[in-house]
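Hi everyone, thanks for making time for this one. Let me put the model up on the screen, and then we can walk through it together.

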Amino acid sequence: MMELETKCLHAGYTPGNSDPRVVPIVQSTTYVFDSTQEVAAVFDDPTKALIYSRFANPTVMAVENKIAALEGGVGAMATTSGQAASLLSILNICSAGDSFISASTIYGGTINLFAVTLKRLGIECIFVDADAPEEELQKAFKPNTKAVFGETIANPALTVLDIEKFARVAHKNGVPLIIDNTFATPVLCRPFEWGADIVIHSTTKYMDGHAVQVGGVIVDSGNFDWTNGKFPELTEPDESYHGLSYTKSYGKQAYILKARMQLMRDFGCYPAAHSAFLLNLGLETLAVRMKQYCENALAVAKYLESCEQVESVNYPSLPDSPYHQLAEKYLPQGASGVISFVIKGGKETAMQFMNALQLASNEVHVADIRTCVLHPASETHRQLTDEQLVAAGIDAGMIRLSVGLENINDILADLKKGFASIERL
C-alpha cells in the first residue's frame, strides 16, 4: 500500500491534467456539449460527463478521489459541511418509516440532527450505549433498521468506538456501519480495515486544519452488499433516471453514485471549487500535522493529570484511560489533538479558567493548527437536556481542549495562567 504521506500528495486526479499533484481551480458552473444527443445521454447517466457544478466539479472531484484513496474506498462525495455529510449518509438509505441505530456519544449537533430533524422526516434514531456488549446492541434493532452510526473518537466525550464490534452486529442484521472518522482522519485510523462500510468526515476539522473553509465528505468502501433485500432504493429502478438500477449499473459504487445522482442533485449542498482547492492544501500536510498534534496532546494530557485543580482528564492515549486498550488497537499512532478534562468547581470555575487563557482561543471550533478551548455544556451542546448531556459523557465542568501546533512549552505556559486564575476560588 502506498504510504499515507505519498497518497496525500499524489492521489488527486483532474480530467485533462497529466500531473496528479496539481489541482487547478476549475471556476465554472457549466460544461459545454457538442450536441443535444450528448446532453440527453448524460442526463440519462450523469457518470458519462460533467453536467453542472451543483453536484460535480473537476477540482472537487480531484479532492474526492484523494480522500477516497486515503480511506481505501471506491469513491467519495464532498459536501458543504460535516452535518450535510451526516445527513446525506443516512438519507441515502433511510426513508420515512425507517430507523437506524447510533452510538449516544456523538457530536451534539449530530444528536440534534438525528433526534429532532430526522424525526420530523419520519426517520427514527435509536441511541445506544457504545460500550454495551453485542447482546445489548442487538436488542435495539428493529425490522425497519437500515444502518448503524458511530464516531471513531467521539466529540467531545473522546470515547473510542469498538469498530469491529459495531461492524459485527450491523452485518449480522444486514445493515451497513457508518463511521464518522473526523477526529482520527485516515492517518490515524482507516475504519474500512475494521469492517466499516461508509466513512464520513467534517473536513472543516483536521483535513482542512487551518479554519479557512467548512466542508464534509462521504466515502464508500464498496464492500457492502446492497442486494440483500433491505435496500430496494438501490436495487429497484429509479424512475427519475428512466428506470436505472444503481446496483446493476454501478456495482461497488452503487451507494456513492446514488448519493450524488439523487441527493446531491436535489439538495445541492456541493462545495465550490475554491473550497476544494483550499482543502487540498490541508490534505497535503495532514500526515505531518497529525503526528505533531498527537505528540503535543499527549504531553498536555500528562501535565493536566498532575494538576490539583483537575478532577479528571480524558485522552484515550493515556495509560489509565478506560479507552486505552481500544486506542492501542484502533489508534496506535495517537488519538488526535483533542483532550477533554473536568475542572473542580463546575461551570463557573471552568469559564473563569478559559477566560484567563491568552494563547488558546475560546471558539466554537476544533482541530485547528491553533490551540482552542470550548465549554460544551454551555456552548455547542447547550441544546441537549441534562439527561442527554450525561449520556454524551459531558460534565458541567468539562473543557474541550484542542491542542494546536504551537511550541509545547508555550501551550503549557498558557494553561498554567489559567490554573493560576482559579487558585483563589
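Let's begin with a question: which strands does helix 5 (residues 108–120) lie across? Helix 5 lies across strand 2 (99–103), strand 3 and strand 4 (145–151), and it runs at about 140 degrees to strand 3. Angles here go from 0 to 180 degrees between N-to-C directions, with axes fitted to C-alpha atoms, for helices over the stretch in contact. Helices (H or I, at least four residues) and strands (E, at least two) are DSSP runs, numbered from the N terminus.

Some housekeeping. This is a predicted model, where local features need pLDDT of at least 70 and side-chain atom pairs count only at pLDDT 80 or more, while totals for chains, interfaces and linings use all residues. Residues are numbered from 1 along each chain as its sequence is written, and side-chain values use heavy atoms, leaving out hydrogens and water.

Now, the sheet under that helix. It is an open sheet of 7 strands in the order 1-7-6-5-4-2-3, and the pairing is mixed; two strands pair if DSSP finds at least two bridges between them. Strand 1 and strand 3 (124–128) have a single partner strand each, so one side of each has no neighbour in the sheet. From one strand to the next, the twist averages 20 degrees.

At the strand 1 edge, strand 1 pairs with strand 7 (residues 216–220) in the antiparallel sense over 5 bridges. Gly75 has Asp220 in strand 7 as its bridge partner. Helix 3 (residues 58–71) packs on the sheet here, touching strand 1, strand 6 (198–202) and strand 7, and its direction makes about 125 degrees with that of strand 1.

Strand 6 is worth a pause. 5 of its 5 residues are buried, so strand 6 is largely enclosed by the rest of the structure; buried means under 20% relative accessible area, with exposed over 50% and partly exposed in between, using a 1.4 Å probe and protein chains only. Ile198, Ile200 and Ser202 cover one side, and Val199 and His201 the other. Strand 6 pairs with strand 5 (residues 177–180) in the parallel sense over 3 bridges, and with strand 7 in the antiparallel sense over 5 bridges.

Next, a single residue: Ser81, in the loop between strand 1 (75–79) and helix 4 (82–91). Is Ser81 buried or exposed? Ser81 is buried, at a relative accessible area of 18%. Its side chain reaches the backbone nitrogen of Ala84 at 3.0 Å. Leaving aside neighbours within four places in sequence, Ser81 is in contact (heavy atoms within 4.5 Å) with Val214, Gly215 and Gly216.

On to the second sheet. This one is open too, with 5 strands in the order 8-9-12-11-10 and mixed pairing. Strand 8 (310–314) and strand 10 (361–362) stand at its edges, each with a single partner strand. Helix 13 (residues 286–305) packs on this sheet, touching strand 8, strand 9 (338–343) and strand 12, at about 10 degrees to strand 9.

Last, the largest nonpolar core, which has 133 residues; Leu304, Phe353, Leu415 and Phe419 touch the most other members. A nonpolar core is a set of buried Ala, Val, Leu, Ile, Met, Phe, Trp, Tyr and Cys residues joined through side-chain atoms within 4.5 Å. Helix 13 gives the most to this core, with 10 residues. Not counting residues up to four places away in sequence, Phe353 touches several residues, including Phe341, Ile399 and Leu415. Thanks, everyone!

How values were computed: A polar contact is a pair of N or O atoms within 3.5 Å; within protein, one must be able to donate a hydrogen and the other to accept it, and residues adjacent in sequence count only if both atoms are side-chain atoms.
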